[in-house]
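Please examine the sequence and the structure shown below before attempting the exercises. Each task is followed by a solution in steps.

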Amino acid sequence: MCGETPTPRRVGTSDLEITMTKKQYGSSRVFGRSSAAIVALAGLSVGLLASPTLAQDPEPTEAPASTQTPTQSLDRAEELLNRGRLIEAQHILGDFIKTDTLTDDQADMLDRLMGSLDRRLRSADPIEISLQKAEFALAQGDIAAMRRHLDAVERSRDITGSQREIAEALRTKGDSVASTVESLAGDFIEQARNDYIAGRFARAKSTLAVLTRAGVELPPEADAIRTQIFNIELERGRPFHIVEAAGLFEPGVLARLTDEGEVAAADETPLVDLFGEATFEDDQPGVIRRDDDQPDDGVPPLDAPIDLPGDDAAQPDVDDPGAGQPQPDDIIERSLRVAAQAKLAEADQAFANAEYNRALTLYNELLATSKAYFSPEQIQQIQQNASDARISLNQPGGDLIEEFGNSQEAARTELRREFDNLLQQAQQKLDSGDVAGARERASSARLVLNGGKSILAESEYETRLAQIDDMISKIETEAINIQIREAQQREQDIRLRAEQDQVKAQQQRQAKINEQLDRVRALQFEQKYSEALEVLDQTLFLDPNNPAALLMKDILRDVVITRRYQGISRNRKFEYANLTLDNYEASTPISEIITYPDDWPRLSLNRGEPVSAAEKPENRRVLTALETQRIPVDFDNPLGDVIGFLETVTGQNFDVDWASLNLLSIDEQTPVQLRLNNVPINTVLDRIVEKISDPFSPAGWAVHDGIIQIASEEVLRRNTALVIYDIRDLLIEVPDYEDAPTIDLQNVLQSAGGGGGGGGGGRSPFSGNLNNTNDNQDRDRQDRIDQIVDIIQNNVDFDGWQDNGGDTGFIQELSGALIIRNTPKNHRQISGLLSQIRAQRAMQINVETRFLLVNQDFFEEIGFDLDVYFGADNNQVQFARANDPTIRASDFFEFNPSATATDSGVGLQRSVTGAANTINGVAGGTTQGVINPTRYSPIGAAQNSLGLTEQLGGNAGNFASSILSAAPALGVAGQFLNDIQVDFLVKATQADQRSVQLTAPRLTFTNGQIANIVVATQTAFVSQLTPVVATSAVGFTPTVSVVSEGVTMEIEGTVSSDRRYVTMNVQTGVSRIDGFAEQPVTAVAGGQLVNSEDVQSFIQLPTVTVTRIQTTVTAPDQGTVLLGGQRLVTEFEIETGVPVVSKIPILSRFFTNRIESKEEQTLLILIKPTILIQAEQEERNFPGLGDTIQNSFGG
């Protein structure tokens, strides 16, 4: 872009146009020869008169300067001179001043044109010259220079109206360019930063120059980059040349650039490329940065290390005017260079602020004293700015030779002044003890002297050089003295500091100990004794003999031990309490058949499904959607349309492998005729592939990566997955327990009869073998595995298994797990098949058998006994009473035949016996004879109807016997004794008893299994006595057997196919020991019979009540069936009395006794089966848990 054709523009009052070029300001202009520099200085220091050429017509388009020959460029400059474009002509001619390749004719033409330019500038109007400079600066993008020139024009009192309009138009266009550049400042700075990081310092400097010349104030980041580049220039000893930008500074043209260098659209990513294909000096080998110096982010620090070029790259060209300038060798020269650059910046700032007098003074000082620190381009710029300042001040340039001589004298004067000033400052620094400052000032004086060696006489140079040597000698001597004093002072300071440090360390140590002790007390107050002990350990580390710390440590250690003991005691009590609560909770009965832990949902969700790898989550979601979504279909369309319809309705992705389907003669036009109403989508897909497929070359569908794939079965079979199925729960054999014992007396006696003497007999109900002996189910583990494998291969894709000749399915067993590789569809069928098998095996039956015994007993007795004895005071009674005061008239009579005396019969007795009492000192109870009566004996009238009634009632049953053997509910008895003895007894009892006895064994077993339960109490008894005979003695050895009472149940249950009924083979019974009878045995010893009763040895004969039932029934789930039972009713009514009298009303109550007894016993045997299905039980306890698990793991 640097070679684009200049675009001239016309500037006028009516149609304001300004001639501008796209050539960027910033090219290096170096005056190579002194004569050329003098000519240029003369040309730049004269004024111009007004020129009418600014309003000329636009110039014709010219070829790029890079393609023009020197002759063409000189002709172009001459044309511009003739048209009054003095500044542009001056720019072109200035490029030839540093050129050595001109021919003699071209050099003569250059001298002629330079002279003409000098004359024209002297006679030109300064305002017109300033306007041309402003216009040229605008074309170069130097907005700051343009504004500076326009400010000078606007401050002039001689400005005309048209010139003011031109100035305003230029300012407007310049502001527009500046605004555009400022909007792109971020891109420029980022580009400069990238170039700087990459080591392209000249390019970065040129990019920042675009901003500064456009009047954009640099932010700190950009200013840091510029400062770093300046430091690099100081390091390398020469500046980086500013390369002309590629343009785009014409108003309306400047924009961001694309990678191809074209103007980018507003919405494209900006990329700054102002220089096109221009070549920078650091694009070539010579300025290299170390890899480890590359910053990671942000602007590199100002002191970032830089690798300078090698000697070959750093050596200036022998023809370079700056080749003779001194190279920086120490910090002093660098400081002088920085000071010269700072003064140049101050002069440029004064020049920019139109302070031309100050700027001119500074420029002259720089040219006189600091030329060695500037590049030829900077020197040329300084000379040009000084010339512009003179022009602005309307100062004539004068004779160049005379001015040059005056400048030499001024330079010598300035050099002497600066030299003397530096030596004076060095002496002052030395007097104040600042050796470094004195040495710096002396070195600066040497540099100043060396820099002005060419303008001083040899003698003066040698004299001043000797002054510097003397000053440096004084400085070094003083430096040695200072070092000695400083060493002594340092030694003293070190001793003093060591003492102070020791005291301070002791104080800090004690303060630290006090602080830690305070901390211990605070922790003790907070009852943080362990932490306090740790702090005390730290304290004792600092002071092992600290008495306070030692004492506190002993105390705190005891406290810690005590608190730990208390804590352990509390924890023991707490654990004991928890154990008691656990035992109390364990003793709580449950009413549910199956209970689940409270955290069962969490356990279920954490453990998930046993087989979850067969399908990916996205596949399971799609399959679920296909199973749940129902649609009606009525297809009579091509297959392609049908698939498109399904894709629209379901919202799922379909992938049809037409290539594989074409091999089956199936394409998009294959007709599909199907009519279904409200069926799942997966069913529709199954019917479609059936319609379009050949049974021998079927098509199919599957879900892969969440996409419904329709293809041939051969293609679908390529998508296989490896899944491990745990079948160890299916390998457990469910045995039948058919050895439930029969509890009855016969089995007990048979067992006892087979026992040996002394060893005991009988059989325990738990002595049977509980292992399954069913040969049909007694297959080993491998047989069961083979059976399961056969079931899977025969029911799921029979032809696809490798064992059956297929190439899809493969199955292998390892430690009770089946490792299966097959298609996802077949895996779903395998999982479903195993789930169904598990569901059948997991089905259980809980059976409760109830033995319900209901007893209802009733008893009532009302008895009256009246005995009357006459003649209680006759001679017989009185005689007997004289011998025994206890004798009564009733003692002379006995109506019970079994109780009469041996010498008497029933009725009046021949002997009488009184009560065994002592009355008035006379002992009773003596049997004595009865004397003869004087007139008549006593007469007795006694009845025994009550006794007869109770005797008969004793056989009415256990309930009646137990009541009659006890005292009556009401008893009234009395006796009247005079000449007549009357005895009476009244008894009245009524009792009602009801009892219910329930024996309900419960048993849970697997569907189809035979199981049993036995709940029995075993009682030992002597079933046999074996005589052991000696010569004259005999002994008996007992045989001990066991009789059981309790309940047994053996049951086989099968659930119906609809899971509503249970068919059971039931064998159950209940037994009860009613008591034991004793029977002695006899043996012969010494020729005599010996009875075991003599040694209190008896055979025990148990009495056992057994209820047993064997049957087959079918009962509904959770229903109750009456298996059987028994009802026993015993009813007694007994009445005794005295004939005739017992029929007489009223009197009959005294001569009649009555007992009424009724006993009812009802036995019911009931059975209740309950079908236990795991899924139902889980849903009943935790509603919705199954759906939650399915949604969580099933997609």
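The exercises below concern a helix pair, nonpolar cores and a single glutamate in this predicted model.

**Exercise 1.** Determine how α5 and α7 are oriented relative to each other.

*Solution.* Step 1: the axes of the two helices, α5 and α7, come within 10 Å and cross at roughly 20°. Step 2: angles under 35 degrees count as roughly parallel, so α5 is roughly parallel to α7. Step 3: the crossing of α5 and α7 is left-handed. Step 4: the residues that make the contact include Leu131 and Leu138 of α5, together with Leu170 and Val177 of α7.

**Exercise 2.** Describe the largest nonpolar core and state which residues have the most contacts inside it.

*Solution.* Step 1: this core has 37 residues, and Leu131 and Leu211 have the most contacts inside it. Step 2: at least two of its residues come from each of α5, α6, α7, α8, α9 and α10. Step 3: beyond its neighbours within four places in sequence, leucine 211 is in contact with Val181, Ala185, Phe188, Ile189, Val216 and Leu218. Step 4: another core, of 28 residues, lies apart from the largest one and has Val656 and Leu674 among its residues.

**Exercise 3.** Decide whether glutamate 848 is buried or exposed, and describe its surroundings.

*Solution.* Step 1: glutamate 848 belongs to strand β10, which spans residues 844-870. Step 2: its relative accessibility is 14%; buried means under 20%, and therefore glutamate 848 counts as buried. Step 3: the side chain of glutamate 848 forms a polar contact of 3.4 Å with the side chain of arginine 850. Step 4: setting aside residues up to four places away in sequence, glutamate 848 touches Ala1000, Pro1001, Arg1002, Leu1166, Ile1167 and Lys1168.

Key. Residues are numbered from 1 along each chain as its sequence is written. This is a predicted model: local features need pLDDT of at least 70, side-chain atom pairs count only at pLDDT 80 or more; totals for chains, interfaces and linings use all residues. Side-chain values use heavy atoms; hydrogens and water are left out. Helices (H or I, at least four residues) and strands (E, at least two) are DSSP runs, numbered from the N terminus. Buried means under 20% relative accessible area, exposed over 50%, partly exposed in between (1.4 Å probe, protein chains only). A polar contact is a pair of N or O atoms within 3.5 Å; within protein, one must be able to donate a hydrogen and the other to accept it, and residues adjacent in sequence count only if both atoms are side-chain atoms. Contact means heavy atoms within 4.5 Å. A nonpolar core is a set of buried Ala, Val, Leu, Ile, Met, Phe, Trp, Tyr and Cys residues joined through side-chain atoms within 4.5 Å. Axes are lines fitted to C-alpha atoms, for helices over the stretch in contact, and angles run from 0 to 180 degrees between N-to-C directions. Angles under 35 degrees count as roughly parallel, over 145 as roughly antiparallel, 65 to 115 as roughly perpendicular and the rest as oblique. A crossing is left-handed if the near helix is turned anticlockwise from the far one by less than a right angle, and right-handed if clockwise.
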